[in-house]
Amino acid sequence: MNAFWVATIGTSVIAFSLKYTGHNVPEKIFSHSKVQAINALIPIALLSALVAVQTFTEKSKLMVDHRLAGVGVALIALFLKAPFPVVVISAAVSSAAIYNWF
Amino acid sequence: MSRIESTTFRDSLSVSFTVGAYGTAFGAAAVANGFSVLQACLLSLLTFSGASQFAVIGVLGAGGSALSAIATASLLGVRNGLYGVIMAPRLKVKGFKRIIAAQVTIDESTAVALGQEVRGEKAMRQGFWLTGFGVFFFWNLFTVAGALGAQAMGDIRAWGLDSAVPAAFLGLVWPRLVTNRDRTLAVGCVVFALAMTPIVPAGLPIIATAFIAIAVGLRS
């Protein structure tokens with residue numbers, strides 16, 4: 001079994017276990033304000049790190065290339081309150097344009 | 001259908017279709033990052049949580065190990081568990097129905113359910129189930145379309161798909177940046193992840209930022 005299968009199955013098993021566990025624990029555990037704060041902050045941290053790594057790295061090297069144009073356009077689209085599909089498509093189109101013509 | 005039910009129905013269906021359509025981006029990005037069409041579809045069927053799915057393909061695509069891909073996706077999946085804690089007392093289901101409820105416990109089904117709170121518990125349950133099943137249906141349908149489409153494309157960079165993934169992450173984190181603390185954390189994690197990239201194995205810089213989030217949360 002290669003890494004892709006391990007990741008696919010491992011992620012799926014844990015994802016369901018987390019959801020199911022949640023349905024089986026008493027609600028008062030969640031009422032702690034620090035638990036709620038951490039729950040809101042973890043996705044922010046991980047997603048921000050993923051944006052950075054996917055935009056500026058190749059394996060373990062830092063680099064600036066056509067992807068920066070794509071993500072830059074996505075950022076502008078988000079500032080202009082564009083819906084999610086517009087954000088993703090405008091990023092892809094501008095990145096492809098830079099990659100194909102330069 | 002009563003007036004209450006039609007409002008809930010409309011909320012659920014519009015969320016289901018628009019969110020489900022992002023499945024195209026996931027399917028395409030999964031194939032672009034080296035996953036097969038079957039693996040892309042299994043992730044949407046079984047993991048069924050957008051941010052976690054994008055994280056798995058993102059970490060492996062960036063050269064990270066299966067373990068760091070699973071760890072990152074699972075840390076993102078913790079919030080679904082907490083949604084389960086909130087939804088369980090309102091759904092009041094047991095056995096097989098609870099298993100199904102757990103699988104469709106995601107950002108959108110919980111958000112629509114909580115949005116119906118003023119209309120009563122029955123509307124909340126309807127919103128949860130309609131949105132859960134609706135997103136599940138469209139998300140999986142569009143994943144297949146995106147995966148097959150990307151397979152036919154060839155060089156994914158020529159189509160901009162390598163930028164679609166970070167753009168999707170940016171779109172996912174954007175609505176979460178409400179307070180100055182959120183924005184400071186986001187910028188800090190960007191700088192931290194990039195600074196660590198040349199030093200530690202791929203994938204670890206991403207997971208490590210979860211500990212920054214925990215530290216910030218404990219200090220609040």
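Here are some questions and answers about how the labels for this predicted two-chain model were reached.

Q: What makes chain B as compact as a globular protein of its length?
A: Set its radius of gyration against the globule rule. Chain B comes out at 18 Å, and the rule gives 17 Å for 220 residues, so chain B is as compact as a globular protein of that length. Along the principal axes, its C-alpha atoms fill a box of roughly 60 × 50 × 30 Å.

Q: How do you know whether chain A fits the value for a compact globule?
A: Run the comparison with 102 residues: a compact globule would have a radius of gyration near 13 Å, but chain A has 19 Å. The C-alpha trace of chain A spans about 55 × 40 × 25 Å along its principal axes.

Q: What do the contacts within each chain say about sequence separation?
A: For chain B, take contacts between residues at least 6 apart in sequence: 70% of them join residues at least 24 apart. For chain A, residues 24 or more positions apart account for 30% of the contacts with a separation of 6 or more.

Q: What are the two chains built from, helices or strands?
A: Chain B has eleven helices and zero strands. Chain A has four helices and two strands, and from its N terminus the order is α-α-β-β-α-α.

Q: Why is α4(B) called largely enclosed?
A: A residue is buried if 20 or more other C-beta atoms lie within 10 Å of its own. Twelve of the twelve residues of α4(B) pass that test, so the helix is largely enclosed by the rest of the structure. Among them are Gly50(B), Phe54(B), Ile57(B) and Gly61(B).

Q: How do you know what span to expect for α4(B)?
A: The expected span is 1.5 Å times one less than the number of residues. With twelve residues, α4(B) reaches 16 Å from its first C-alpha to its last, close to the 16 Å expected. Just after the helix, Gly63(B) takes a positive phi of about 95°.

Q: What makes Ala29(B) stand out in the largest nonpolar core?
A: That core has 107 residues, and Ala29(B) is one of those that touch the most other members, a group also including Ala45(A), Leu46(A) and Phe169(B). Leaving aside neighbours within four places in sequence, Ala29(B) is in contact with Phe54(B), Ile57(B), Leu161(B), Ala164(B) and Val165(B).

Q: How many residues does each chain bring to the contact between them, and what classes does chain B offer?
A: Chain B brings 87 residues and chain A brings 64. On the chain B side, α5(B) gives the most, with 20 residues. By class, that side has 58 nonpolar, 23 polar and six charged residues.

Q: How do you know where the domains of chain B touch?
A: Contact here means C-beta atoms within 7 Å. By that test, 13 residues of domain 1 of chain B are in contact with eleven residues of domain 2 of chain B. On the domain 1 side, the largest share, five residues, comes from α5(B). The domain assignment puts domain 1 at 3-176 and domain 2 at 177-220, and their C-alpha centres lie 23 Å apart.

Q: What does the domain assignment give for chain A?
A: Domain 1 covers 1-31 and domain 2 covers 32-101. The C-alpha centres of these two domains of chain A lie 25 Å apart.

Conventions:
Residues numbered from 1 in each chain as written. Chains lettered and ligands numbered in written order. Predicted model: local features only at pLDDT ≥ 70, side-chain atom pairs only at ≥ 80, totals over all residues. Rg over C-alpha atoms; globule rule 2.2 N^0.38 Å. Contact = placed C-beta atoms within 7 Å. Nonpolar A, V, L, I, M, F, W, Y, C, P; charged D, E, K, R; others polar. Domains from an automatic or database assignment. Core = buried A, V, L, I, M, F, W, Y, C linked by C-beta atoms within 7 Å.
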